[in-house]
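Thanks for making time this morning. I would like to walk you through the aromatic side chains of one protein, and then turn briefly to its surface.

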Amino acid sequence: MGGSARNPGVLQRDDTPSQSPYQRLSQRMLDLSGDRGVLKDVIREGSGELVTPDASVLDITLWGMELGLLSMRRGEVARFLFKPTYAYGMLGCPPLIPPNTTVLFEIELLDFLDSAESDKFCVLSAEQQDQFPLQKVLKVAATEREFGNYLFRQNHFYDAKVRYKRAFLLLHRRSAPPEEQLLVDSAKLLVLLNLSFTYLKLERPTMALHYGEQALIIDQKNTKALFRCGQACLLMTEYQKARDFLVRAQKEQPFNHDINNELKKLASCYRDYMDEEKEMCRRMFAPAEHGSTVGEN
């Protein structure tokens, strides 16, 4: 879910006699919880469907904020009042939030992802999925990929990989007529690039290379695919293959800072490797400094 929430404003301690700031704000606010513990005031209307309980809401620690988000639409900006029970409770959140405090949040909901439709589709058999139009498959695959991107940004690389693989499987087993195959390949290319990058983050360069090479089957000059393959080969100490991929990537984007730095890193690693090889050979074949020679009495 994409959104932003300003730091909470502390309106009052629940045990203070004066409640005028809370009362003034709450008079024109909508009661979401039924006990006036969560109140809402819409600043800018959103559009589309309400956030669903299956939406990608991570790291939500306040009960009131979850209730508030479920009342919002894409693009909406709203102000919320949370009483202590729905916010930080009796303990507060020192030093910013005192105990028993009613707090004010302003939240802008940029976007959210709903996994319900995607999850239902993914559990269908291949035969059942084939009954749906291609646009449905592309939509579900795009949702899976977006979930993967969200998880990737949270550094949840394993979970991101699972989402990317679900998207890839949907696209890989879908047969399409020639005039629609370009749409499938374009979607598949994005997922393959995501998988290659994710496996690099998981320190599994063999799989990163595998998916990078599959991306190159679709687009043999794709700079990101060439770069990921080069990175994977470097991690596998396959220096010549790494150089081949990175030089091809550099040919496509000569001034790309990341590619040029990776080539410098490759040169340094290769020098170190050759120095170690030379030193090992020297030790293996150097004449013994001590002891008698062959044929000596």
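Let me begin with a term: a residue is called buried here when its relative accessible area is under 20%, and exposed when that value is over 50%. Please also keep in mind that what you see is a predicted model.

By that cut-off, both Y199 and Y211 are buried. Their rings form a stacked pair, with the centres 5.7 Å apart and an angle of 5° between the planes. Because Y199 belongs to helix α7, residues 178-201, and Y211 to helix α8, residues 205-218, this pair ties together parts that are 12 residues apart in sequence.

That is one of eight aromatic pairs in the structure. Another is formed by F80 and F82, which are also stacked, at 5.9 Å centre to centre and with 25° between the planes. F80 and F82 are both buried, and ring pairs join these two with F105 into a cluster.

Next, the rings that have a charged group over them. The charged end of R228 sits over the ring of F197, at 3.9 Å from the ring centre, while R163 lies over the face of F147, 4.5 Å from the centre of that ring.

Finally, the surface. Which residues make the nonpolar surface patch of about 380 Å²? The patch is made by M280, M284 and F285. M284, which lies in helix α11, residues 257-285, has a relative accessibility of 56% and therefore counts as exposed, in contrast to Y199 and Y211, which are buried.

Notes
Residues are numbered from 1 along each chain as its sequence is written. This is a predicted model: local features need pLDDT of at least 70, side-chain atom pairs count only at pLDDT 80 or more; totals for chains, interfaces and linings use all residues. Side-chain values use heavy atoms; hydrogens and water are left out. Rings of Phe, Tyr and Trp (its six-membered ring) pair if their centres lie within 6.5 Å; planes under 30 degrees apart count as stacked, over 60 as edge-to-face and the rest as tilted. Buried means under 20% relative accessible area, exposed over 50%, partly exposed in between (1.4 Å probe, protein chains only). Helices (H or I, at least four residues) and strands (E, at least two) are DSSP runs, numbered from the N terminus. A charge sits over a ring if NZ of Lys or CZ of Arg is within 6 Å of the ring centre and within 35 degrees of the ring normal. Patches are made of residues with over 30% relative accessible area and no salt bridge: like charges are joined within 9 Å, nonpolar side chains (Val, Leu, Ile, Met, Phe, Trp, Tyr) within 5 Å. Accessible areas come from the Shrake-Rupley method with a 1.4 Å probe; for residues, only the protein chains shown count as cover. A salt bridge is a side-chain nitrogen of Lys or Arg within 4 Å of a carboxyl oxygen of Asp or Glu.
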